[in-house]
Amino acid sequence: MVSAPPESPQTQLGIEEEPAKVTFFLEPLAEGVELDMVQIPEGEFDMGSPPEELDRTEAEGPVHHVQVPSFWMSSTPITQAQWRVVAGFEQAERELEPDPSNFKGDNRPVERVSWEDAVEFCQRLANHTQLPYRLPSEAEWEYACRAYTTTPFYFGETITTDLANYRGTDHKINDTTTWLGYYGRGPRGEYREETTPVGQLNAPNQFGLHDMYGNVWEWCLDCWHENYDGAPTDGTAWTESEDNEYVLRGGSWFHHPGVCRSACRARYSPGSRYNGLGFRIVCAPRGLP
């Protein structure tokens with residue numbers, strides 16, 4: 001097991017924080033292909049967003065206190081190289097396309113993968129390693145993303161395209177709706193129109209996690225619920241629902257900064273695939289090195 005601090009991102013937001021000490025282990029998948037799994041310490045946080053947060057939706061409330069046990073999370077979204085290796089492992093329940101992504105590149109995030117595909121990936125990896133890999137619960141995802149912060153982004157009150165890959169230009173949807181390329185008092189930025197290699201922008205949070213905002217939406221284990229009334233408070237996934245849709249977090253390269261916020265939630269059916277849908281994985285602590 002190795003410990004190393006991530007470099008703090010140099011931002012235009014005037015935020016300078018001491019980097020946290022990050023503990024991680026490497027899961028070898030094939031020659032030259034590894035999974036970097038970061039330890040997320042146990043803790044508690046207020047999940048959701050306050051009513052006054054810009055771009056907030058009713059689905060982000062009510063704010064509720066959650067206690068989260070320690071777990072491990074991949075430091076980046078799953079890459080195309082990682083996907084390709086695990087897609088070659090023994091099938092669990094369903095077939096996997098070894099090269100589904102629209103934007104090609106071994107170190108780019110895999111995309112055009114459904115929730116069902118992501119669950120199959122985790123099952124194959126768990127069977128191969130005999131470790132309990134799975135998708136994160138929605139509470140684990142937000143807790144890990146926030147990394148002790150309460151602002152809309154772990155950078156602070158706003159975000160820039162130097163720190164995350166999202167649509168930093170205005171986008172007119174129709175005569176009455178325009179997606180803004182800036183958030184709050186932040187600046188407009190660039191629109192890359194594609195994914196970027198994971199970690200390329202070198203803007204990890206204090207847990208050492210990269211690309212929690214933008215690049216690709218990330219599937220969670222939870223079924224979709226319209227709000228947090230009755231949500232679990234122990235960090236587990238909320239899987240009882242009559243709605244056949246699942247939660248995604250983090251925004252994507254295609255979307256404006258308001259949907260990249262730590263509290264923002266989206267939903268898609270479990271078979272949905274498009275070039276903004278990816279995922280990262282977690283592992284329970286038992287049995288690890």
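In the predicted model, Arg249 and Glu138 form a salt bridge whose closest N and O atoms are 3.0 Å apart. The two residues belong to distant parts of the chain: Arg249 sits in strand S11, residues 246-249, and Glu138 in helix H3, residues 138-146, with their positions 111 residues apart in sequence. Both partners, Arg249 and Glu138, are buried.

Arg249 also takes part in a salt bridge with Glu142, where the closest N and O atoms lie 2.7 Å apart. This pair again links helix H3, which holds Glu142, with strand S11, which holds Arg249, and the two residues are 107 apart along the chain. The relative accessibility of Glu142 is 0%, so this residue counts as buried. Arg249 likewise has a relative accessible area of 0% and is buried. These contacts form part of a network of salt bridges that links Glu138, Glu142, Arg146, Arg249 and Arg265.

In total, the structure holds 20 salt bridges. Another of them joins Glu194 to Arg108, with the closest N and O atoms 3.5 Å apart. Glu194 is found in the loop between strand S9 (178-179) and strand S10 (217-223), while Arg108 is found in the loop between helix H1 (80-87) and helix H2 (115-129); the pair therefore ties together parts that are 86 residues apart in sequence. The partners fall into separate accessibility classes, which are set by a cut-off: a residue is buried under 20% relative accessible area and exposed over 50%, and partly exposed in between. Glu194 has a relative accessibility of 32% and so counts as partly exposed. Arg108, at 17%, counts as buried.

The open space of the model was examined next. Rolling a probe the size of a water molecule over the atoms shows where empty space is left. The largest pocket contains about 230 Å³ of space. Its lining is made up of 15 residues, and those nearest the centre of the pocket are Glu34, Thr76, Thr79, Gln82 and Asn107. Strand S3 (33-40) and helix H1 are the elements that give two or more residues to this lining. Strand S3 supplies the largest share, with four residues. By residue class, the lining of the largest pocket comprises six nonpolar, seven polar and two charged residues.

Technical notes: Residues numbered from 1 in each chain as written. Predicted model: local features only at pLDDT ≥ 70, side-chain atom pairs only at ≥ 80, totals over all residues. Heavy atoms only, no water. Salt bridge = Lys/Arg side-chain N within 4 Å of Asp/Glu carboxyl O. Buried < 20%, exposed > 50% of the residue type's maximum accessible area, 1.4 Å probe, protein only. 1 Å grid on protein atoms, 1.4 Å probe; cavity = no way out; pocket = protein on both sides within 12 Å on 5 of 7 lines; lining within 4 Å. Points joined across faces, edges and corners; volume = space filled by probe spheres on them. Nonpolar A, V, L, I, M, F, W, Y, C, P; charged D, E, K, R; others polar.
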